[in-house]
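Got the viewer open and the cartoon drawn? Let's take a short walk through it, one selection at a time.

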Amino acid sequence: MKEYIIKRLLLLIPILIGVSFISFILIRLIPGDPARVILGERATPGELARIREELGLNKPILIQYLIFLKQLIKGDLGRSIVTREKVINEIMIRFPATIELTLFSMFIASFLGIFFGILASLKPGSIVDTFVMFLALVGVSMPIFWLGLMLIWFGALYLGWFPPSGRLDVDINLNVITNFYLIDSVLTGNFKAFFNSLYHLILPSIALSSVPMATIARMTRSSMLEVLNQEYILVEYAKGLPKRRIILRSALRNALIPIITVIGLEFGFLLGGAIMTETIFSWPGMGRLVYDAIMSRDYPLIQGAILLSALLFVIINLIVDIIYVFIDPRIRY
C-alpha cells in the first residue's frame, strides 16, 4: 500500500507539468490583451508596451512558460495581473468558501442519491422506480443557472426563508481565522454567525447538488440491481435474514465501489469551483474567482486555479482508491 501511494504521489509531477504546459498555451489563446484590460481602452501604445514588458508578456510563449515553470518549482505561482497580490494568497482566501459549499452539496447529493437509488432498485419497473429515474433525468438535464434563479425567486424572494446571495449578512461581524465561516464561528463562539452562514449555504448547495445527486442515484440503482440478483443475496433471503440487514450490509456494501467512484469524481469536479452556481449566488469561491480572472485576462490566477484543480483530482482519486481497500478486502495494491 505504501509503495502504491508513493508511486501515485510521484505521478503528480509529470501530471502537473503536462497540465501546466497545456493550460499555459491554451490560456494565451484567449482573445484579449491583459495590458489593455489593466489600462483601459484609451491607453497609448507606449503605455501598453511598458505594461507588457513589466508583466513579461512581450517574451515568446515558450520563454514565458519556462519562467513560470521555474517559479512553480520554487512554489511560487506568481502574482495576479490585476490585484498584484500573490496568486496563492488569492486562492487561499477563496478556496475555503468552495470547500464549504462543496462539502454541504456533496452531503445532500450523496445521502439523497444513495437513498433514492436504493429505493428504485428494490422495485424495478414500478411507479417508484419510474418516478425516481424521472427525477434523476430532470436533475441531469436541468440548467443550473435556471434552477439557481428559481431557488432565489421562490426561497428568497417569494417565501423569504433564505438569503439570496453571499456567505454572511452584512450586519453580522465575524472574526475570520481560517476563512471557513462555519469553523470560525464555532471557534469564536459566534453562533449567530454560524447559523447565518448555514442559512446562506442552503440555496446554492441545493442548486449545486442537483446534477451529482441525479448521477449518484442512477449509479446506485444500476449497481444495486446487479448485486441484488447475485446468488448470495438470494441465499440470505432464503435464510430469512432481515431485509434491512441484507440491503444495507450485504447488497449496498458490495455495490459501493462504483458509487464511491462517482462521488469522488463529482467531489473533485465541484472543488475546482462551480462557476455558474457561485456567480448566480454571488458566492466568493473558486468558481467566481476563475470567472473574474478569465474576464480580466489574469493569466497567473487562471493558471494557479487550473493547477489546483488538477492536484485535487489526483489526490481525491488516490483517496478513493484507498477507500476501495476498506470496502472490499479482496482489493490489494
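What do the buried residues of α14 pack against? Keep in mind as you look that this is a predicted model. Select residues 286–295 to bring up α14, then add α6, α13 (275–280) and α15 (299–327): these are the helices that the buried residues of α14 pack against.

Next, show side chains on α14. Its buried residues are M286, G287, L289, V290 and A293. Look down the helix axis: these residues span an arc of only 160 degrees around it, so they sit on the same side of α14. That fits the general pattern: an α-helix has 3.6 residues a turn, so residues three or four places apart point the same way.

Now keep α14 and select α6, residues 87–122. The two helices pack at an angle of about 135 degrees, and their axes are 7 Å apart. α6 and α14 are therefore oblique to each other. To light up the contact, pick E90, I91, R94, F95 and T98 on α6, plus M286, G287, R288, L289 and D292 on α14. Colour the residues of this contact by type and you get four nonpolar, two polar and four charged.

Just past α14, click on R297: its phi is positive, near 55 degrees.

Finally, zoom out and colour by domain. The domain assignment gives domain 1 as 1–74 and domain 2 as 91–327. Their C-alpha centres lie 31 Å apart. Select the contact between them and you'll pick up 22 residues of domain 1 and 15 residues of domain 2.

Terms used. Residues numbered from 1 in each chain as written. Predicted model: local features only at pLDDT ≥ 70, side-chain atom pairs only at ≥ 80, totals over all residues. Heavy atoms only, no water. Axes fitted to C-alpha atoms, helices over the stretch in contact; angles between N-to-C directions. Helix = DSSP H or I, 4+ residues; strand = E, 2+ residues; numbered from the N terminus. Parallel < 35°, antiparallel > 145°, perpendicular 65-115°, else oblique. Contact = heavy atoms within 4.5 Å. Nonpolar A, V, L, I, M, F, W, Y, C, P; charged D, E, K, R; others polar. Buried < 20%, exposed > 50% of the residue type's maximum accessible area, 1.4 Å probe, protein only. Arc of directions from axis to C-beta. Domains from an automatic or database assignment.
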